[in-house]
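Student: I have a model open and would like to learn how its labels are earned. Could we go through them together?
Tutor: Gladly; let's put it on the screen and take the labels in turn.

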Amino acid sequence: MSRPADRPETYDRVTRALHWGMAALLAAQFLSAAAHWGLPRGHIMWRILWSYHLPLGIALFFLVLFRGIWGLGNISRRPVHSGVMGRVAATGHIILYTLMVVVPAVRILAAAGNKKGFNLLGIPVFPTRDEHVAWMRAPAEWHGEMGWILGLLVVGHIAIALIWHQWIRRDATLQRMVGRSKAVR
Ligand code: HEM
Ligand code: HEM
């Protein structure tokens, strides 16, 4: 098996695994957020779906950092986004990345600034403090709102991929992320 790397015709298997794996995990994360928003506390589905929000959110944070480093390392080899529409698409991807980092980051920062400290799956991550650190907790006020904005942008991203690229233009954009392009190794 050759060394994984993106090419101008297609995304490689690592990029595709990160894209689709994180899409599935983010779907589960939005399901848990929706349960938090819409179900009464104590409801069995609320407890099941909310139980994984924190650990999964932290896992997604580290995954997106790895994905960003991987993407930057491959940037000169990736499919090119040229023209005005290409620049719009690239800007959309940068906004998705930014929110995928910032949304979990503000909550992790708030946990670090909380006087209760923070345990993850029984493992102490941040120690207890004498006082809350206000500036570390303030950005998390926007965690939910930014999370829902990310969700809306993902819906737009999916609509563009399916309706614009796949059904209207019938180009190879989806194929290069699915891995069915003729050029895929
Ligand atoms: C990509 C990762 C994440 C996404 C997409 C996400 C999304 C969301 C959304 C949309 C809400 C609002 C739910 C509502 O309206 O009731 C929410 C709430 C919440 N999330 Fe996350 N979250 C993520 C990561 C995290 C992490 C890492 C933590 C903690 C370490 C966390 C802790 C919370 C808490 C405590 C709430 C309820 C209070 C609030 O709305 O701020 N989340 N999350
Ligand atoms: C939570 C869900 C999703 C997120 C956050 C997301 C994010 C991204 C990002 C950041 C890129 C740029 C390439 C990269 O660095 O990976 C991308 C590319 C792409 N995504 Fe998604 N995506 C999601 C779900 C989907 C779904 C469900 C589809 C298809 C129905 C899709 C279709 C595509 C396609 C076709 C590309 C390649 C676009 C191009 O090269 O211009 N994505 N996605």
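Student: Where is the place of Leu96?
Tutor: Keep in mind that this is a predicted model. Leu96 sits in helix α4, which covers residues 83–112.

Student: What makes Leu96 buried or exposed?
Tutor: Its relative accessible area is 11%. Buried means under 20%, so Leu96 is buried.

Student: Which residues is Leu96 in contact with, leaving aside its neighbours within four places in sequence?
Tutor: They are Leu150, Leu153, Val154 and His157. Contact here calls for heavy atoms within 4.5 Å. Take Leu150 as an example: 54 residues separate Leu96 and Leu150 in sequence, yet their C-alpha atoms are 6.8 Å apart in space.

Student: His157 was on that list. Which iron atom has His157 among its protein donors?
Tutor: The iron atom of ligand 2. Its protein donors are the NE2 atoms of His19 and His157, 2.0 Å from the iron. The cut-off for a donor is 2.8 Å, and the value of 2.0 Å fits within that cut-off.

Student: What makes the arrangement around the iron atom of ligand 2 octahedral?
Tutor: Six donors count as octahedral if opposite donors are over 155 degrees apart and all others between 65 and 115. Around this iron, the six donor atoms subtend angles of 88 to 179 degrees, and the arrangement is therefore called octahedral.

Student: Where in the chain do His19 and His157 come from?
Tutor: From distant parts: His19 belongs to helix α1 and His157 to helix α6, with their positions 138 residues apart.

Student: Why is His157 called partly exposed?
Tutor: Partly exposed is the range between the 20% and 50% limits. The relative accessible area of His157 is 29%, so the label is partly exposed.

Student: And how do you know whether His19 is buried or exposed?
Tutor: His19 has a relative accessible area of 15%, under the 20% limit, and is therefore buried. Outside its neighbours within four places in sequence, His19 contacts Arg67, His157 and Met177.

Student: Which residues are the protein donors of the iron atom of ligand 1?
Tutor: His53 and His143, each through NE2, lying 2.0 Å from the iron. This pair also links distant parts of the chain: His53 is in helix α3 (residues 53–73) and His143 in helix α6 (residues 143–169), 90 residues apart.

Student: What makes the arrangement around the iron atom of ligand 1 octahedral?
Tutor: Its six donor atoms subtend angles of 86 to 179 degrees, so the arrangement earns the name octahedral.

Student: Are His53 and His143 buried or exposed?
Tutor: Set both against the 20% limit. His53 has 10% relative accessibility, so it counts as buried. His143 has 16%, so His143 counts as buried as well.

Student: Which residues are closest to the centre of the second largest pocket?
Tutor: That pocket holds about 910 Å³ of space. Of its 34 lining residues, Trp50, His53, Leu54, Arg107 and His143 are the closest to its centre. Two of those names, His53 and His143, are the protein donors of the iron atom of ligand 1.

Student: Which elements give two or more residues to the lining of the second largest pocket?
Tutor: Helices α1 (13–38), α3, α4 and α6 do. The largest share, eight residues, is from α4. By class, the lining has 21 nonpolar, nine polar and four charged residues.

Student: What about Leu121: what is notable about its phi?
Tutor: Leu121 has a positive phi of about 50 degrees, although it is not a glycine. Leu121 lies in the loop between β1 (118–120) and β2 (123–126).

Student: Why does Leu121 count as exposed?
Tutor: Exposed means over 50%. Leu121 is at 71% relative accessibility, so it counts as exposed. Arg170, in the loop between α6 and α7 (173–178), has a phi near 50 degrees, again a positive value in a residue other than glycine. With a relative accessible area of 67%, Arg170 is therefore exposed.

Student: How many helices and strands are in the chain?
Tutor: Seven helices and two strands. From the N terminus on, they run α-α-α-α-β-β-α-α-α. Of the 185 residues, 33% are buried.

How values were computed. Residues numbered from 1 in each chain as written. Chains lettered and ligands numbered in written order. Predicted model: local features only at pLDDT ≥ 70, side-chain atom pairs only at ≥ 80, totals over all residues. Heavy atoms only, no water. Donors = N, O, S within 2.8 Å, 3.2 Å for Na, K, Ca; no water. Tetrahedral: all angles 85-135°; square planar, octahedral: opposite > 155°, others 65-115°. Helix = DSSP H or I, 4+ residues; strand = E, 2+ residues; numbered from the N terminus. Buried < 20%, exposed > 50% of the residue type's maximum accessible area, 1.4 Å probe, protein only. 1 Å grid on protein atoms, 1.4 Å probe; cavity = no way out; pocket = protein on both sides within 12 Å on 5 of 7 lines; lining within 4 Å. Points joined across faces, edges and corners; volume = space filled by probe spheres on them. Nonpolar A, V, L, I, M, F, W, Y, C, P; charged D, E, K, R; others polar.
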